[in-house]
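Hi,

Here is the structure I promised to pass on to you. Have a look at it first, and then read on for what turned up in it.

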Amino acid sequence: MRLPGQRTISKLVLKAQFFLYRIFNMSRVPEEMHRRALVESMGFDGQWDDHRVFQMKFLRDNGLTKDTRFLEIGSGPLTLAIPLMQELNPGNYTGVDVRGSVTNLAYLEISKAGLAGRNPRLIVATDFGAAALADETFDMLWSFSVLYHLSDDLVEDWFANVKRRLKPDGRYWANYNDGMEESRWLEFPFLSRDASFYEQIAEKNGLSLKTLGTLEELGFQGTGAEKNNTMIEVSHKS
């Protein structure tokens, strides 16, 4: 039997290397596409980690415990929720989002992180989960980079839900835009309002609203313009 020559062997090795290179990179395509979809649905390209780190630190600094019953409005691709679920007792996280396609991505994230056993609940709804949640109440409510995507009437509806969802000593936090130019993001408006707008709606619903400062002042490390957003804390009036 005639053995292949050195040049033939070199060609075969080269073909094998090329084949393996293609297979390796093709295997990464679905993962990269998934990651890209997550970032696009979150809306802050290149700042995923900054947003996750800030939100978790803020909540820990404000009394988050494993027993906290937590409701997130605008849960999206679970930028916050994946590390949050790891700290909460099973069943204590509920996320609501209006986008079914993004919630499908979120379920993939839960599976990849091995967190299905934490029994998180994700709700797709246009009513802030009002029908699905019935009379449930929570210790903490959270909506990060959400308020400025809501029309005036939706903000009214949401604050009415805040009053219904908050336990007597519960707190709700959100950031709002009061300086960046108005525009659109995907199918959502991007609106600018001052503090008095939210204060009036809170007052109308028997809620107390406190301004905490800008995200940057509160420790946000991202370089995007949202660092200038203002954070508010809402609670029942004492």
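A word on terms before the count: helices here are DSSP runs of H or I with at least four residues, and strands are runs of E with at least two, both numbered from the N terminus. By that reckoning, the chain has seven helices and nine strands. Please keep in mind that this is a predicted model.

Some overall figures to start with. The chain has 238 residues, and 45% of them are buried. Among contacts between residues at least 6 apart in sequence, 70% link residues at least 24 apart.

Now to the part I looked at in detail, around β2 and β3. Strand β2 (residues 93–97) runs parallel to β3, and four bridges join the two. Between them the chain passes through α4, and this β-α-β crossover is right-handed. Within the pair, G95 sits opposite L122 in β3.

Both of those residues turn up again in the lining of a cavity. How many cavities of 30 Å³ or more does the structure hold? There is one, and the space in this largest cavity comes to about 30 Å³. Its lining is made up of S75, G76, L78, G95, T103, A106, L122 and I123. Two elements, α4 (100–112) and β3 (121–124), each give two or more residues to that lining. Sorted by class, the lining residues are four nonpolar and four polar, with no charged ones.

One of the lining residues, L78, deserves a second look for its backbone. L78 is not a glycine, yet its phi is positive, at about 70°. You will find L78 in the loop between β1 (70–73) and α3 (81–87). Is L78 buried or exposed? Buried means under 20% relative accessible area, and L78 counts as buried because its relative accessibility is 0%.

N119 is another non-glycine residue with a positive phi, in this case near 55°. N119 belongs to the loop between α4 and β3, on the stretch of chain that crosses from β2 through α4 to β3. Here the accessibility tells another story: the cut-off for exposed is over 50%, so N119, at 52% relative accessibility, counts as exposed.

If you open the model yourself, L78 and N119 would be good places to begin, given the positive phi of L78 and that of N119. I would be glad to hear what you think.

Best wishes

Conventions:
Residues numbered from 1 in each chain as written. Predicted model: local features only at pLDDT ≥ 70, side-chain atom pairs only at ≥ 80, totals over all residues. Heavy atoms only, no water. 1 Å grid on protein atoms, 1.4 Å probe; cavity = no way out; pocket = protein on both sides within 12 Å on 5 of 7 lines; lining within 4 Å. Points joined across faces, edges and corners; volume = space filled by probe spheres on them. Nonpolar A, V, L, I, M, F, W, Y, C, P; charged D, E, K, R; others polar. Buried < 20%, exposed > 50% of the residue type's maximum accessible area, 1.4 Å probe, protein only. Pairing = 2+ DSSP bridges. Right-handed = clockwise from strand over helix to strand, strands pointing away. Contact = heavy atoms within 4.5 Å.
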